[in-house]
Amino acid sequence: MLKRLYQPAAYQTNSMPQSFWAVSAAPLPDCDHLPEDRTITADVAIIGGGYTGLSAALELAENGVDVAVFDAGRSGWGASGRNGGFCCMGGSGKSYAQLAKQFGDEQTRHFAKLQRTAVDLVASRLEEWDVEADRHSDGEVILAHKANRVKELREEAAENAHFTGIETEFLTKDQLSERGLHARETHAGLHVKQGFGLHPLKYLAGLHRMCAAKGVRIFEQATIEDLEDTGDGYILTCENVRISANKVVVATNGYSAENLPDWIGGRLMPVFSGILVTRPMSDNELADQGWTSDLMAFDSRILLHYFRKLPDNRFMFGGRGGITATPTAFDAAKRHLLSHFHRMFPAWQDVEITHHWNGLACLSQSFRPYLGRVPGHRDVWTGLAWHGNGVALGSLAGKMLGQQMLGIKGPDDIGAIMGTPPDRFPLARFRRIGRSLAYRYYGLRDEFA
């Protein structure tokens, strides 16, 4: 039996989430269904049909490998179909300066280079595959939500210059308003000119289509319940179906089970993030608030908010939620998110919210992503813990994971920051309680510090 961190409501895979993305993208084509009482064989079995799993599948299939993907729901059911559509820099819960203290400047620059490569990879895919994914935004803007956070923006600009080479522009409060970036409790901004916004499910659909064209078999409603090492391969079990594979990829990220494989247990801390989307607004309504820009944005809170105007003049607003998966907790998180939306954008108090959903962002004990072989296993591989930035980094990681398995890429290509496995959380079985206490503390810091 799979061991889960959250209550069953977090893992209901029988239907797609009621998100704006799900209702505004064309349905994915029908996938393969598992045959009853028989064995499926593949060179590589991939658990998880999101950006990472499908990117690994595509890389392997393009190199002649027979690949089968198994998703507990549909491709994009998890974080790949629930996220905010920020294709941008990121992937760690630590700053570049913090990473440099542990790994040195050279490794930190390498990690930043991978992030830039990841953004470019998604951009090139959209263009080469002719995917209309509602792309917009020239980078993203970080907003200081308190006056004492303005100094941090200048420090971040210096870090970007030192480690990434990305152009940034500091914006005063008045300059933000002049550029259509006016929100309450905003004291300055830093425009980081790398990345763009997109429709996450439209991009996922393009990736899904390319995998199918290369012969990847994609099975839906296929929850892998067990993984056994036979000594010369692996047997995966899904109800009455056995899957025989030479190698396995676990690409389930925040929706991973604690015991598939056991190594994962206690190393990840998935946390809920909620998103709401308004009806389309008129130009006058946008002007009333002073937010007319299509730049992606997020603020300097620890429990950050992230938001952007969509191409059809809807507004998307997201933020960290709770760590409990019950209807009561979900309702409370929605009310909390809505109150913060109205607090930051008071002119839109009466604008209808048409969609709200939540999903799990995946943190690791190290606050770093991991890409590589699962420790203690011969040929089980994984890529996970994108810290809310999996659109770009999860895509590149899947591609690089496939290249690692083919022997095209090695440890030096991955680098120490992504290539060092995370440890277990101290007192791992109590980490949800610890995170709940931390959230209360972070909320007080965001409000009063």
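This is a short walk through one predicted model, from its annotated domain and cores to its salt bridges and some backbone details.

I'll start with the record. UniProt, in an unreviewed entry, places the feature "domain: FAD dependent oxidoreductase" at residues 43-403. Over that range the chain is 32% helix and 27% strand. The C-alpha atoms at the two ends of the range are 15 Å apart.

Next, the interior. In soluble globular proteins, nonpolar side chains tend to be buried together. Here the largest nonpolar core has 81 residues, and Ile46, Leu198 and Met418 have the most contacts inside it. Which helix gives this core its largest share? That is helix α4, residues 105-128, with nine residues.

Take Ile46 as an example. Setting aside neighbours within four places in sequence, Ile46 is in contact with Gly53, Ala56, Ala57 and Leu60. The same list continues with Val67, Ala68, Val69 and Phe70, and then Val249.

There is another core apart from this one, with 31 residues. Ile47, Leu236, Val241 and Tyr370 are among them.

Ile47 also turns up in the surroundings of Thr252. Thr252 sits in the loop between β11 and β12. Leaving out residues within four places in sequence, its contacts are Ile47 and Gly48. From Thr252 to Tyr11 the separation is 241 residues in sequence, but 12 Å in space, C-alpha to C-alpha.

The loop between β11, residues 241-250, and β12, residues 268-278, also holds Pro261. Is the peptide bond from Leu260 to Pro261 cis or trans? It is cis, with omega near -10 degrees.

While we are on the backbone, two residues have a phi worth looking up on the screen. Most residues other than glycine have a negative phi, and most peptide bonds are trans. Asp130 has a positive phi, near 55 degrees. Asp130 belongs to the loop between α4 and β4, the strand at 140-144, and it counts as exposed because its relative accessibility is 70%. Glu185 is not a glycine either, and its phi is positive at about 60 degrees. Glu185 lies in the loop between α6, residues 173-178, and β6, residues 188-192. With a relative accessible area of 24%, Glu185 is partly exposed.

Now the charged pairs. Side chains of opposite charge can pair when their charged atoms come close. The structure holds 16 salt bridges, and I'll go through three.

The first on my list is Asp134 with Lys202, at 3.1 Å from N to O. This pair links distant parts of the chain, 68 residues apart. Asp134 is in the loop between α4 and β4, while Lys202 is in helix α7, residues 200-213. Asp134 is partly exposed at 23% relative accessibility, and Lys202 is partly exposed with a relative accessible area of 23%.

Next is Glu285 with Arg279, where the closest N and O atoms are 2.7 Å apart. Glu285 is partly exposed at 21%, and Arg279 is partly exposed at 25%.

Arg279 is also one of the residues touched by Asn313. Beyond residues up to four places away in sequence, Asn313 touches Pro280, Met281, Ser282, Asp283 and Leu286 as well. Asn313 is in the loop between β14, residues 305-309, and β15, residues 315-320. Is Asn313 buried or exposed? Its relative accessible area is 14%, so it is buried.

The last pair is Arg301 with Asp299, with the closest N and O atoms 2.6 Å apart. Arg301 is buried because its relative accessible area is 8%, and Asp299 counts as buried at 3%. Salt bridges with shared partners join Glu185, Asp299, Arg301, Arg343 and Glu447 into one network. That brings back Glu185, the residue with phi of about 60 degrees.

I'll finish on the surface. Leu427, Phe430, Ile433 and Leu437 make a nonpolar surface patch of about 450 Å². Leu437 is in helix α13, residues 431-448. Why does Leu437 count as exposed? Its relative accessible area is 52%, and the cut-off for exposed is over 50%.

Methods: Residues numbered from 1 in each chain as written. Predicted model: local features only at pLDDT ≥ 70, side-chain atom pairs only at ≥ 80, totals over all residues. Heavy atoms only, no water. Core = buried A, V, L, I, M, F, W, Y, C linked by side-chain atoms within 4.5 Å. Buried < 20%, exposed > 50% of the residue type's maximum accessible area, 1.4 Å probe, protein only. Helix = DSSP H or I, 4+ residues; strand = E, 2+ residues; numbered from the N terminus. Contact = heavy atoms within 4.5 Å. Patch = residues over 30% accessible without salt bridge, like charges linked within 9 Å, V, L, I, M, F, W, Y side chains within 5 Å. Areas by Shrake-Rupley, 256 points an atom, 1.4 Å probe, with all protein chains shown as cover. Salt bridge = Lys/Arg side-chain N within 4 Å of Asp/Glu carboxyl O. UniProt positions renumbered as here; feature names shortened; annotations may be inferred.
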